[in-house]
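This report goes through one protein chain for a reader who has not met it before. Please keep the sequence and the model in view while reading.

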Amino acid sequence: MAVRKQKSKLGVISYNDLLIGAGVSLLFLFFSWIIDILLNNQSISFQTIVHIHKTNPIHWLIDSLPIIVVVVIYFSIKKRERDKSAFERIIQQRDQDINRNARFAKKIGEGIYDDKDDLIDEDDIIGKSLIVMRDNLLANSKKEKEQNWISEGKDLISGILRMHNNIEELAYEVLVELIKYIDVIQGSFYLYNDQENKIINLGTYAYNRKRYINQEFKVGEGLIGQCAYEHDIVYRTEIPEDYASITSGILGDKKPCSILIVPLITEEKLQGVIEFASIKDRFPELTIIFLKELGEIIARTLYNLKMNQKTEKLLKESQEMTTELKANEEQLRQNAEEMRATQEELEISNKKLETQIKEVENAQKRLHSLLENASEVISIYNNELKLIYQSPSVTKILGYTPEEMMSGKDMDRLTAKGEAAMKEMFEQLLEDSHTPRAIQYTYIKKDGKKIHIETTGRNLLNDPAINGIILNSQDITERKRAEKEERMKSKMQSLSENSPDLILRMNTKGQFFYANPMVDDYLGVKSKDIINSRIDELDVEPVLVSFFRESIKKIRKSNQKLNEELNMPTAHLGERIMNFNAIPEFNENELETILFVGHDITEAKQIELEIKDKNKKINESINYAQRIQSSILPNTAIIQEYLPKSFIFYLPRDVVSGDFPWFFKKDDILYISAVDCTGHGVPGALLSFIGYFQLNNIVDHDVNYTAGQILDKLHFGVRTTLKQDRIDADARDGMDIAFCRINLKKKELQFSGAHRPLYLLRDGELLEYKGNRKAIGGIPHRKKAEKDFINHIIEIKKGDKIFIFSDGMPDQIGGPEGRKYSPQRIRSHITENKDLSMQQFSNLFATDFKNWKGKQKQIDDVLLIGIEF
């Protein structure tokens, strides 16, 4: 009713608004007419109104204003009514939702959770919240029922477990109640026998009656054994036709549809297994959870009952044993009296026996200690020459234990000569048992050290205490060394007496112990008079006294041998130059004496001075020759004046060189070559002069000679100069050469070589022009005509690079494997660094050659020339 009243009121207000709007718009219309009439000073009439409409068309627009206002107000009223209707529907829907949610909440409050109300609107948040709350309460209610069902089942079974002390009765009662409680048709209860590792059937209940089935399973056998082995439930819903063959332990009137086997485990120890079968397709999940939780309770009870049974059994056995002990107690008492008397007699005997045993043990210890620390090794062999006893001292002397020696080391470590001597001694002892035999031989100790052994053998096979051949062996290495040292001293004494050197021995305090006869010539004192005298007591030159004192001081400080030269005036030989060696002599690592050996080097020094003088003159001559050779060799600056992009890598082995670069210019022709004369040093330098002047004369004679013709003329010129064209010639000296004739105007390069090639680098590709396989000069072959040198003509292109060289660089030994530098390495450097300038090539080869040579000696002169056009 209130809504209808509100609606009626709103309708009246709306129509009033419509009338007010129409009236206001009409007033505005009339007001616009009056203003326009008054502005034109006209009277108000119908004709005037028509006139102003004609003269001012805007009045037509103003005339339509009331209609527009009425229409706008009308539609506004209609829209307001529609909004009101929608609002009323929303209010009505809200009332319905509130009423429905109130009913729904009331049912939830009354515990009715299964009411399904599908009319709740998607926008009804309260309704959705109530549904969620109902679902949560329903789930909690279901969970609470399940927990109650599990708790009731546990209480039921726990009551049975508390009522029984007999395991078989307990097993049957628990099985019956569980079958009823979880609503299955069959069940079996198995007990685990840990001694036999078997699972034994205690009871089976099926189809409401007890079954008598005697079954046993090993752990791991069948489904029962599998459950026991894995300590986990076995659940099967697919039962095969031959169910009995599975050895499940259950046989019923009807084949079950699902089986559940639960292990009974407490503290990770198996106590038994319960098996259930159902004709339903599946066991409920709640039933499985229930049986898992109940399994531990049953297992704990079984464990306690087993312990009680064991305790009862042990108690019973203890009572029986107590009865038997009481019966035997009197007999034991009588026996104890007899034993006590016997014990007293035994104690007296034992004390005497212990005293005797201690005496024997002490005697054995003394004997073992004596044998172990003895300086000899005692060995006993039987009549078959097999070692049957070895004294402990062998470990200290030879390094082997007695057991190792008896396993074969007594003979294995002998030398062939020692083994033969040992066998010969055994044969002699067996032939003559009354005569001891002694031999000496070398033995290799365990640490590999060789020592000298002396062995004395006696045949005591007839002695019952020994019953063998006894060998006494001792290390005589030190004795051998002393004997050898004594022999050496005797030899040294003999050598010293006849030596031309001055030999003296003194201690660190300057007291003489020995002087050979040469002391008379050098010091003017007899050798017998100098022995046991001190340095200060002798009438000798102060320089010698000072030398002895300083030498003793230095040797005491360093313990090292000294060597010094000393100018010393002598008694009969005049001023002499002596080379003294002061040699320290030690006794047990302590400096005992110093041996002075003075060797007269006066003549040797004079010869040395003469050699030095001659060497000086030779070096001066060689240096002068080097200056002469350097003066005729081309200057690099002069060559670069005509060939600016060029370099010469020149490294003589000695002061003067057999290799030399040669350059000559005549008219428009440039001549350049790398010449390698036979040998190096002075012989090579002499040949280089012949080659130099021969080349100058040939090219200066005729500018039209080709490179090949020039080498032909040089070849015959060298032969003539060295007289190699004569029949009796034996000088095979000559030279190798790489010769270039360059005409820059004609862009022409002529090359000819004797054993030497030319490398041309053009457009990144390396070309090789080989020389003839013959040298310049040498003895001609009498029966074979020689061929002329080949003349190669090459058109010069811009950017061409040529390289000529002697054999000094490729023949140099070096590198990590000690091989030759080789032409291949030169070619590789050129091709791999084709974009380098000539100066960079010069640096590259200089550095690489130095690194390649390393610490090796330079074997020949080195010459490499590079030119870029």
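The text below covers the chain as a whole, then its cores, its cavities and its salt bridges.

## The chain as a whole

The structure is a predicted model. The chain contains 21 helices and 30 strands. It has 869 residues, of which 38% count as buried. Among contacts between residues at least 6 apart in sequence, 57% join residues at least 24 apart.

## Nonpolar cores

The largest nonpolar core has 33 residues. Val 174, Leu 178, Phe 189, Phe 276 and Ile 298 are the ones that touch the most other members. Helices and strands both contribute: helix H5 (125-163), helix H6 (167-182), strand E1 (186-193), strand E6 (258-266), strand E7 (269-278) and helix H8 (285-372) each give two or more residues to this core. H6 supplies the largest share, 10 residues.

Another core lies apart from this one and has 29 residues. Its members include Ala 515, Phe 547, Met 568 and Ile 594.

## Cavities

Rolling a probe the size of a water molecule over the atoms shows where empty space is left. In this model the count comes to 3 cavities of 30 Å³ or more. The largest cavity holds about 160 Å³ of space. It is lined by 18 residues, and the closest to its centre are Ser 379, Leu 398, Met 405, Tyr 441 and Ser 473.

Which elements give two or more residues to this lining? They are strand E8 (376-381), helix H9 (393-398), helix H10 (402-412), strand E10 (437-444), strand E11 (450-460) and strand E12 (468-475). E12 gives the most, with 4 residues. By residue type, the lining of the largest cavity divides into 11 nonpolar, 5 polar and 2 charged residues.

## Salt bridges

Side chains of opposite charge can pair when their charged atoms come close. The count for this model is 27 salt bridges. Three of them are listed here, with the distance between the closest N and O atoms.

| Residue | Partner | N to O distance |
|---|---|---|
| Lys 198 | Glu 216 | 3.6 Å |
| Glu 419 | Lys 423 | 3.8 Å |
| Lys 526 | Asp 520 | 3.2 Å |

The pair of Lys 198 and Glu 216 links distant parts of the chain, 18 residues apart. Lys 198 sits in strand E2 (residues 198-206), and Glu 216 in strand E4 (residues 216-218). Lys 198 has a relative accessible area of 25% and is therefore partly exposed. Glu 216, at 46% relative accessibility, also counts as partly exposed.

Glu 419 and Lys 423 belong to a single helix, H11 (residues 416-431). Because they are 4 residues apart in this helix, about one helical turn separates them. Glu 419 is partly exposed, with a relative accessible area of 29%, and Lys 423 is partly exposed at 49%.

Are Lys 526 and Asp 520 buried or partly exposed? Lys 526 has a relative accessible area of 45%, so it is partly exposed. Asp 520 is partly exposed as well, with a relative accessible area of 22%, where the limit for buried is under 20%.

Elsewhere, salt bridges that share partners join several residues into one network. This network is made up of Glu 565, Lys 605, Glu 608 and Lys 612.

Technical notes: Residues are numbered from 1 along each chain as its sequence is written. This is a predicted model: local features need pLDDT of at least 70, side-chain atom pairs count only at pLDDT 80 or more; totals for chains, interfaces and linings use all residues. Side-chain values use heavy atoms; hydrogens and water are left out. On a 1 Å grid over the protein atoms alone, a cavity is a set of points where a 1.4 Å probe fits but cannot get out, and a pocket is an open set with protein on both sides within 12 Å along at least five of seven lines; lining residues have an atom within 4 Å of a point. Grid points are joined across faces, edges and corners, and a volume is the space filled by probe spheres set on the points. Ala, Val, Leu, Ile, Met, Phe, Trp, Tyr, Cys and Pro count as nonpolar, Asp, Glu, Lys and Arg as charged, and the others, Gly among them, as polar. A nonpolar core is a set of buried Ala, Val, Leu, Ile, Met, Phe, Trp, Tyr and Cys residues joined through side-chain atoms within 4.5 Å. Buried means under 20% relative accessible area, exposed over 50%, partly exposed in between (1.4 Å probe, protein chains only). A salt bridge is a side-chain nitrogen of Lys or Arg within 4 Å of a carboxyl oxygen of Asp or Glu. Contact means heavy atoms within 4.5 Å.
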